[in-house]
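Reader: Before the discussion begins, I should like to have the sequence and the model in view. I shall then ask for the grounds behind each term that is applied.

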Amino acid sequence: MKLCDCGQTMKLELRRLVYKRRTFISHVPVYACQHCPTYELMPLVKPDLLDYLNSLDGDKHQTRISFADIYEPVSILQDVLASYSGSIEEFQRCYKEAFEDRVNMLLDLYRFAKASNDTAWMDEIKARLEKVNAFLQLKMESSDFCAS
Ligand SMILES: [Zn+2]
C-alpha cells in the first residue's frame, strides 16, 4: 500500500491529465491520495508518457487522446476495470487473466513473426511483451485500486 505525505492511502486510478494546457490525455494511471489533491504518475508508465509528451513539443494544436490508445497495458487495464464487479479476489483474478492472455497472444504472434523471418516485427512484439509483462509482474493489491 502506498502512503501520501499527508498520511492517507494513495490509490491507483485512471485520470485525465492536461499538459501545457493543450494536450488532454485521459486514462493515465496515477496514484492519487484519497484525502488531499496529491497524485503521482504510476512509475511504470512514466518513461512512455514522457516520450509521448516530448514527441508533441512544438505542436501548437490541441490534442485529445486516451492513453489506452497509445499504451497497450492501459487498454488491458481498462478492460479489467470494466469487467470486474467489486471483490478484491475477482479484481486480482481478472487482472492476472487479462494480462496473461495478452502475453500468450503476443507469444503466439512472436512465433509467427519469427517463422516469417520478420525481424522488425519481432522487435516490435518484443517491446510490447516487455511492457505487458511488467504489468503482469506487478503484485497488484486491489486495495490499491480505485475504480472510478
Ligand atoms: Zn495526501
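**Grounds for the terms used**

Author: The protein has five helices and five strands. In order from the N terminus, these elements run β-β-β-β-α-β-α-α-α-α. The model is a predicted one. The C-alpha trace spans about 55 × 45 × 25 Å along its principal axes, and buried residues make up 38% of the 148 residues.

Reader: What share of the contacts with a separation of 6 or more comes from residues 24 or more positions apart?

Author: Such residues account for 54% of those contacts.

Reader: What makes H3 oblique to H5?

Author: The axes of helix H3 (residues 72–83) and helix H5 (residues 119–137) cross at roughly 40 degrees and come within 9 Å. An angle under 35 degrees would count as roughly parallel, and one of 65 to 115 as roughly perpendicular. The crossing angle of roughly 40 degrees falls under neither heading, and H3 is therefore oblique to H5. The crossing of H3 past H5 is right-handed.

Reader: Which residues make this contact, and how are they divided by class?

Author: H3 contributes Glu72, Pro73, Ile76 and Leu77, while H5 contributes Arg128, Lys131, Val132 and Phe135. By class, the contact of H3 with H5 has five nonpolar and three charged residues, and no polar ones.

Reader: Why is H4 called roughly antiparallel to H5?

Author: H4 and H5 pack at an angle of about 165 degrees, and their axes are 9 Å apart. Angles over 145 degrees count as roughly antiparallel, so H4 is given that description relative to H5. H4 passes H5 in a left-handed crossing. The contact of H4 with H5 has 17 nonpolar, one polar and six charged residues.

Reader: I turn to the aromatic residues. How many aromatic pairs does the structure hold, and what makes the pair of phenylalanine 91 and tyrosine 95 tilted?

Author: The structure holds six aromatic pairs. In the pair of phenylalanine 91 and tyrosine 95, the ring centres lie 6.0 Å apart and the planes are 35 degrees from one another. Rings pair if their centres lie within 6.5 Å, and planes under 30 degrees apart count as stacked, over 60 as edge-to-face and the rest as tilted. The distance of 6.0 Å therefore admits the pair, and the angle of 35 degrees makes the pair tilted.

Reader: Where do these two residues lie, and how do you know whether each is buried or exposed?

Author: Both phenylalanine 91 and tyrosine 95 belong to helix H4 (residues 88–115), where they are four residues apart, about one turn of the helix. A residue is buried under 20% relative accessible area. Phenylalanine 91 has 0% relative accessibility and therefore counts as buried. Tyrosine 95, with a relative accessible area of 4%, is buried as well.

Reader: What is the geometry of the pair of tyrosine 95 and phenylalanine 99, and why is about one helical turn given as their separation?

Author: Tyrosine 95 and phenylalanine 99 form a tilted pair, with 4.7 Å between centres and 40 degrees between the planes. They are separated by about one helical turn because they are four residues apart in helix H4. Phenylalanine 99 is buried, as is tyrosine 95.

Reader: Which residues form the aromatic cluster?

Author: Phe67, Tyr71, Phe91, Tyr95, Phe99 and Phe135 form one cluster. Phe135 is also one of the H5 residues in the contact with H3.

Reader: What sets the phi of arginine 21 apart, and why does this residue count as exposed?

Author: Most residues other than glycine have a negative phi. Arginine 21 is not a glycine, yet has a positive phi of about 60 degrees. Arginine 21 lies in the loop between strand E2 (9–19) and E3. Exposed means over 50% relative accessible area, and arginine 21, at 77%, therefore counts as exposed.

Reader: Where is histidine 27 found, and why is it called partly exposed?

Author: Histidine 27 is found in strand E3, and its phi is likewise positive, near 60 degrees. Its relative accessibility of 27% lies between the limits of 20% and 50%, so histidine 27 counts as partly exposed.

Reader: Which residues does serine 26 touch, leaving aside those up to four places away in sequence?

Author: Serine 26, placed in strand E3 (residues 23–33), touches Arg15, Arg16, Ile65, Ser66 and Phe67. Phe67 is also a member of the aromatic cluster.

Methods:
Residues numbered from 1 in each chain as written. Predicted model: local features only at pLDDT ≥ 70, side-chain atom pairs only at ≥ 80, totals over all residues. Heavy atoms only, no water. Axes fitted to C-alpha atoms, helices over the stretch in contact; angles between N-to-C directions. Left-handed = near helix turned anticlockwise from the far one by under 90°. Contact = heavy atoms within 4.5 Å. Nonpolar A, V, L, I, M, F, W, Y, C, P; charged D, E, K, R; others polar. Buried < 20%, exposed > 50% of the residue type's maximum accessible area, 1.4 Å probe, protein only.
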